[in-house]
Amino acid sequence: MKIRIHGDYHLGQVLVTRNDFVIIDFEGEPGHSLEQRRAKHSPLRDVAGMMRSFGYVQQSALRSVVHNEAEAARLAPLARAWELEVRTAFLSAYDAAARDAALYESLQPGNGILGLFELEKALYELRYEIGNRPTWVGIPLQGILDWGGG
């Protein structure tokens, strides 16, 4: 099933206001043509975008608080556990809301079509970071390694 999707869905596109969420910026992925952004796609592309953004939060939070390798070694497992917990909670909530729509068989991160969309997003991010923020290249690279089991 295909629908019109956000196309650039991540935590930076979600605002919290009065105990609710507001999704903003429906222009789609800036690196895609208008025709590509207007095309219908699987809604799991947006799910994959949000899943990838949790990795960005985890990595950027570590970067902002870690001052040495000892701190990194101590905090990295906690940050990774947070990311995995948030990914699980997000997928569980999405699954509960969309279960009756029969859009997919399983919403396991890194598996099936969702896993492929996560990899596609990580590869897109890698290209973006190389061209715009080379010091952030490690974030999508880690996502690619995680996808590949590395």
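Are α2 and α4 roughly parallel, roughly antiparallel, roughly perpendicular or oblique to each other, and which of these words applies? They are oblique to each other, a class that takes in whatever is left once angles under 35 degrees count as roughly parallel, over 145 as roughly antiparallel and 65 to 115 as roughly perpendicular. This is a predicted model, in which local features need pLDDT of at least 70 and side-chain atom pairs count only at pLDDT 80 or more, while totals for chains, interfaces and linings use all residues. Residues are numbered from 1 along each chain as its sequence is written, and side-chain values use heavy atoms, with hydrogens and water left out.

**Helix α4**

- Helix α4, residues 112-132, has 21 residues and reaches 30 Å from its first C-alpha to its last, close to the 30 Å expected at 1.5 Å a residue, where the expected span is 1.5 Å times one less than the number of residues; helices here are DSSP runs (H or I, at least four residues) and strands likewise (E, at least two), numbered from the N terminus.
- The buried residues of α4 (buried means under 20% relative accessible area, exposed over 50%, partly exposed in between, with a 1.4 Å probe and protein chains only) include Leu114, Phe117, Leu119, Ala122 and Leu126, and also the charged-type names Glu118, Lys121, Glu125 and Glu129.
- These buried residues pack against α2 (44-65), α3 (69-98) and α5 (138-147).

**Packing of α2 with α4**

- The two helices pack at an angle of about 55°, with their axes 8 Å apart; axes are lines fitted to C-alpha atoms, for helices over the stretch in contact, and angles run from 0 to 180 degrees between N-to-C directions.
- The crossing of α2 and α4 is right-handed, meaning that the near helix is turned clockwise from the far one by less than a right angle, whereas anticlockwise would be left-handed.
- Among the residues in contact (heavy atoms within 4.5 Å) are Leu44, Val47, Met51 and Tyr56 in α2, and Ile113, Phe117, Lys121 and Glu125 in α4.
- The residues of this contact divide into nine nonpolar, one polar and seven charged, with Ala, Val, Leu, Ile, Met, Phe, Trp, Tyr, Cys and Pro counted as nonpolar, Asp, Glu, Lys and Arg as charged, and the others, Gly among them, as polar.

**Packing of α5 with α4 and α2**

- The axes of α4 and α5 come within 8 Å and cross at roughly 155°, which makes α4 roughly antiparallel to α5, and their crossing is left-handed.
- That contact is made by residues including Leu119, Leu123 and Leu126 of α4 and Leu141, Ile144 and Trp147 of α5, and by class it has nine nonpolar, one polar and two charged residues.
- α2 and α5 pack at an angle of about 125°, with their axes 10 Å apart, and are therefore oblique to each other.

**A buried glutamate in α3**

- Glu83 lies in helix α3 and is buried, with a relative accessible area of 4%.
- Glu83 touches Phe54, Gly55 and Gln58, not counting residues up to four places away in sequence.

**Positive phi in two loops**

- Arg18, in the loop between β1 (14-17) and β2 (20-23), has a positive phi near 50° and is exposed, with a relative accessible area of 82%.
- Asp25, in the loop between β2 and α1 (34-38), has a positive phi of about 55° although it is not a glycine, and at 34% relative accessibility Asp25 counts as partly exposed.
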